[in-house]
Amino acid sequence: MSALTSMVNGLDYPINDEELIEIRYQTRDKVDEFNALGARQVAEKDSLIRKIFGQVGHNVHFEKGMRIDYGINTTFGDNVFINFNFVLLDCAPVCIGNNVFIGPDVQIYTAQHPLDCDLRREHIGSAQPVTIGNDVWIGGGCIVLPGVTIGAGSTIGAGSVVTRSIPKGVVACGNPCRAVRRVD
């Protein structure tokens, strides 16, 4: 089984695998191109995000700067807005639904590293998917950790660290992030 297949399927994989390194280089080259474009170069930016990510719906907008690990493992629905300084470590699948707003300085991580020092020295990693449902708003400065699902219609308060899944239709905030009330 290839390192890419292992990585995407949540199994341990060698981070320094040549194929994975090449994919990261190619993605980072495209991301650098995107980040160098002017604000009015809308068509060029749209073309590049469609080359960077696995699937991109209609009316998906990114502000600059972004940092992306693989890109190919991420899908976006329709009507998605991602604000400045987005970071995405998408070693495992990331699915972002329709009508999602992501504030500035949001970071989404699927990557995990072992607690065992010997395995870390061997550059072994694993990853767990992240799913963001339809109609979700993630406030600025949030961090979403591996294995998390954010339910449809939920709002994540600014600065939250989402360590576990959040149900649909709630306002959640804090570190660790937790539901504080239902959305009416």
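Is Asp-32 buried, partly exposed or exposed, and what is its relative accessible area? In this predicted model, Asp-32 has a relative accessible area of 39% and is partly exposed, because that value falls between the 20% limit for buried residues and the 50% limit for exposed ones. This residue makes a convenient way into the charged contacts of the structure, which holds four salt bridges.

The partner of Asp-32 is Arg-67, and the two side chains meet in a salt bridge with an N to O distance of 2.9 Å. Asp-32 belongs to helix α2 and Arg-67 to strand β4, so this contact ties together parts of the chain that lie 35 residues apart in sequence. Arg-67, like its partner, counts as partly exposed, here at 41% relative accessibility.

Helix α2, which spans residues 18-36, takes part in another long-range contact through Arg-28. The side chain of Arg-28 meets that of Asp-69 in a salt bridge, at 2.6 Å from N to O. Asp-69 sits in the loop between β4 (66-68) and β5 (74-76), and the pair links distant parts of the chain, 41 residues apart. The two ends of this bridge fall into separate accessibility classes: Arg-28 counts as partly exposed at 34% relative accessibility, whereas Asp-69 counts as buried at 8%. The assignment for Asp-69 follows because 8% is under the 20% cut-off for a buried residue.

A local contact is found in helix α3, which covers residues 42-52. There, Arg-50 forms a salt bridge with Asp-46, and the closest N and O atoms are 2.9 Å apart. Both residues lie within the helix, four residues apart, or about one turn. Each of them is partly exposed: Arg-50 has a relative accessibility of 36%, and Asp-46 has a relative accessible area of 27%.

Turning to the strands, an open sheet of three strands is found with the order β1-β12-β11 and antiparallel pairing. Its edges are formed by β1 (13-14) and β11 (111-112), each of which pairs on one side only. Strands in a sheet pair through backbone hydrogen bonds, in either a parallel or an antiparallel manner. In the case of β11, two bridges join this strand to β12 (residues 124-127), and the two run antiparallel. For readers who wish to locate this pairing in the structure, Gln-112 is a handy marker, as this residue stands opposite Ser-126 in β12.

Definitions and conventions
Residues are numbered from 1 along each chain as its sequence is written. This is a predicted model: local features need pLDDT of at least 70, side-chain atom pairs count only at pLDDT 80 or more; totals for chains, interfaces and linings use all residues. Side-chain values use heavy atoms; hydrogens and water are left out. Buried means under 20% relative accessible area, exposed over 50%, partly exposed in between (1.4 Å probe, protein chains only). Two strands pair if DSSP finds at least two bridges between them.
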